[in-house]
Amino acid sequence: MHPIVEKVTNDVIERSHPTRSAYIKYIDDIAKKDPIRSGMGCGNLAHGFAACSPGEKADLTGNKKANIGIITSYNDMLSAHQPYKDAPDLIKAAIREAGGVAQVAGGVPAMCDGITQGQPGMELSLFSRDLIAMATAIGMSHNMFDGALYLGVCDKIVPGLLIGALSFGHLPAVFVPAGPMPSGLTNKEKARARQAYAVGKIGRKELLEAESASYHSPGTCTFYGTANSNQMMMEMMGLHLPGSSFVNPYTPLRDELTKAAARQVLKFTALGDDYRPIAHMVSEKAIINAVIGLLATGGSTNHTMHLVAIARASGIILNWDDFDNLSRAVPLIAKIYPNGPADVNHFHAAGGMGVLIAELLRSGLLHEDILTVADGRGMNSYTQEPKIIDDVLAWHAGPEKSLDSAVLSSVEQPFAKGGGLHVMRGNLGRGVSKLSAVSEDHQIVEAPAVVFDDQEDFLAAFKRGELEKDFVAVLRFQGPRANGMPELHKLTPPLGVLQDKGFKVALVTDGRMSGASGKVPSVIHLCPECEMGGSLAKVLAGDIIALNLQTGDINVKVEQAEFDARVPLPKSAKNHHYGMGREMFGGFRLGASSAETGASNLFAVD
């Protein structure tokens, strides 16, 4: 292993020992060789299989056959989740043929950040992850199941499903992707249309045509945002079948992979001889693999929160220092939009996850010895790719190297020596930045602050022509405790326009940006957040802010004694509320006091 990867892994193992040991003991105490339903009362069991066929009732009455729960995020409004419509029937048929029973245990909410971007509903986005985790646990709480299949793709949905699944960590689990939509209008052309609309060069009709040509069919959006970063991480952790993450929906291979996932989970229940509970799969090494994949591909900054929360759900203590230290060892070897022009279909065609994993394994940058859902157990199985030959699904050796080095390179010839994400620190606190999406000539900015408490105020100032200058946009009170930490991706087009005009611009906020955001240097998730008295609340319009994405420095250039003496300014009257999430949930809000905790406490009440 690379010495830095080995050291960070050992640090995490040592730091997590008390909580990880307690979690594993709890899970192992729950585990039973016989189905849990065998100890249920007759009335309980009768309720549990009342809607089943006579044959399934007979199967579930005995102790021989496993019952697999399906948790699905299906809805037909989200393109990424619409392909799950027929998945339960495919799964049930495959499991029945393999000697088991399957039931849909529950559905979870699945909202789309692309639809709610810049809308009040976005204030529910991060909040929804914890609701999904609870909904997952509710679905699995009936003690009817010996294993589970989790169907989800996007932003908060996969992290929520995984956190919920770890509450039932004594059960084996396989995550089932739906796949990306085929490539449409390129992401670069889509971004160009958005910038043209922002300056009035095209109208709403032309913009909608461009957007509709990009988001055009069932499947996940093709840019490399949080949704596709989720899929990459599930494969890096061994929770997807090898090579299954980026196979398009409604293709024979996609359907065969869904059926194979169903058959696979049956092999790993406690009723058989190859018991693989998910609690033992999501280990310290698996979590480190996920971080490494994120860094090597320039994945979504949202996972600097989600991975922390996922790890905590498995008794593992991961922090931003681990991300930062690993970024010094892991090079950027993939360029997928917004890090480059290619989309995930191009990445998959270039060799995709199989080539990426093989490259990292060869360089000692990935833990091979983790428990996975592949037949071969470890990560070497993930260098293979699935194919249908003579109507039979099988895994074959993947390409030995990338088929397109402009999209997927090597450790020896990386796109950048460090990982795609950096931790930023200075007298404004700690935050994160997606270095891989910003060209080198824009990675250092020093300019006066313009201060806003609402993104609509920024957009109005842009339309009035007040931002035709060098500046650092400071957007305050956008953290999890303030208004649910909505994504601020709506700011990307106007900032991009100003950057293209030659102005030095940047964004600093305690809020989030979409995983699709790029091009403009930003420091996000800054904590402590303004709601908790963070230093960003002391910044005044005209203060010089210096940020350097290469060194990880973020500072306001004010005499420290003067800055320390300043009283944090309250949020403006317009933004003096907790937002839609608070109003809809009667006083509940995200329990995390900072982005760095992963927002993992579920709820807090005032």
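Trainee: Where does Asp-155 sit in this predicted model?

Mentor: Asp-155 is in the loop that runs between strand S3 (147–151) and helix H7 (157–166).

Trainee: Why is Asp-155 called buried?

Mentor: Buried means under 20% relative accessible area. Asp-155 has 12%, so it counts as buried.

Trainee: What is Asp-155 in contact with, leaving aside its neighbours within four places in sequence?

Mentor: Contact asks for heavy atoms within 4.5 Å. Asp-113, Thr-226, Ala-227, Asn-230, His-306 and Glu-487 meet that for Asp-155.

Trainee: Now Asn-143. Why is Asn-143 called partly exposed?

Mentor: The class runs between the buried limit of 20% and the exposed limit of 50%. Asn-143 comes in at 34%, therefore it is partly exposed. You'll find Asn-143 in the loop between helix H6 (125–140) and S3.

Trainee: What makes the phi of Asn-143 worth a note?

Mentor: Phi there is near 60°, a positive value in a residue other than glycine. His-525 also has a positive phi, near 60°, and is not glycine either.

Trainee: Where is His-525, and is it buried or exposed?

Mentor: His-525 lies in strand S12. Its relative accessibility is 0%, and buried means under 20%, so His-525 is buried.

Trainee: Which peptide bonds are cis, and what is omega for each?

Mentor: One of them runs from Tyr-337 to Pro-338, with omega near 15°. Another joins Cys-527 and Pro-528, with omega about 5°. Pro-338 is in the loop between helix H15 (320–327) and helix H16 (344–349), while Pro-528 is in the loop between S12 and strand S13 (544–548).

Trainee: Let's zoom out. How do you know that the radius of gyration agrees with a compact globule?

Mentor: The globule rule is 2.2 Å times the number of residues to the power 0.38. With 606 residues, that puts a compact globule near 25 Å; the protein chain has 24 Å, so the two agree. The C-alpha atoms fill a box of roughly 75 × 55 × 55 Å along the principal axes.

Trainee: What is the protein chain built from, and how much of it is buried?

Mentor: Its secondary structure comes to 22 helices and 16 strands. Of the 606 residues, 59% count as buried. Among contacts with a separation of 6 or more, 77% are between residues 24 or more positions apart.

Trainee: What makes a set of residues a nonpolar core, and how many residues has the largest?

Mentor: The members have to be buried residues of the nonpolar kinds, such as Leu or Val, joined through side-chain atoms within 4.5 Å. The largest such set has 142 residues, and Leu-149 and Leu-162 have the most contacts inside it. Helix H13 (residues 284–297) gives the most to this core, with 9 residues. A second, separate core has 26 residues, including Val-523, Val-556, Val-558 and Phe-563.

Trainee: Which residues is Leu-162 in contact with, beyond its neighbours within four places in sequence?

Mentor: Those are Phe-175, Met-234, Met-237, Leu-239, Ile-278, Val-282 and Ile-310.

Trainee: On to the empty spaces. Why is one space called a cavity and another a pocket?

Mentor: In a cavity the 1.4 Å probe fits but cannot get out, whereas a pocket is an open set, so the way out decides the name. There are 7 cavities of 30 Å³ or more, and the largest has a volume of about 140 Å³. Of the 16 residues lining the largest cavity, Met-513, Ser-517, Gly-518, Val-520 and Ser-522 are the closest to its centre.

Trainee: What is the volume of the largest pocket, and which residues are closest to its centre?

Mentor: Its volume is about 1400 Å³. There are 43 lining residues, and Gly-114, Gln-117, Arg-194, Glu-211 and Lys-490 are the closest to the centre. H18 gives the most to this lining, with 5 residues.

Trainee: What makes up the lining of the largest pocket by class?

Mentor: It has 21 nonpolar, 12 polar and 10 charged residues. Mind that Gly is counted as polar.

Trainee: And which residues are the closest to the centre of the second largest pocket?

Mentor: That pocket holds about 850 Å³ of space. Closest to its centre, out of 38 lining residues, are Pro-338, Asn-339, Ala-437, Gly-518 and Lys-519. You've met Pro-338 already, at the cis bond from Tyr-337.

Key. Residues numbered from 1 in each chain as written. Predicted model: local features only at pLDDT ≥ 70, side-chain atom pairs only at ≥ 80, totals over all residues. Heavy atoms only, no water. 1 Å grid on protein atoms, 1.4 Å probe; cavity = no way out; pocket = protein on both sides within 12 Å on 5 of 7 lines; lining within 4 Å. Points joined across faces, edges and corners; volume = space filled by probe spheres on them. Helix = DSSP H or I, 4+ residues; strand = E, 2+ residues; numbered from the N terminus. Buried < 20%, exposed > 50% of the residue type's maximum accessible area, 1.4 Å probe, protein only.
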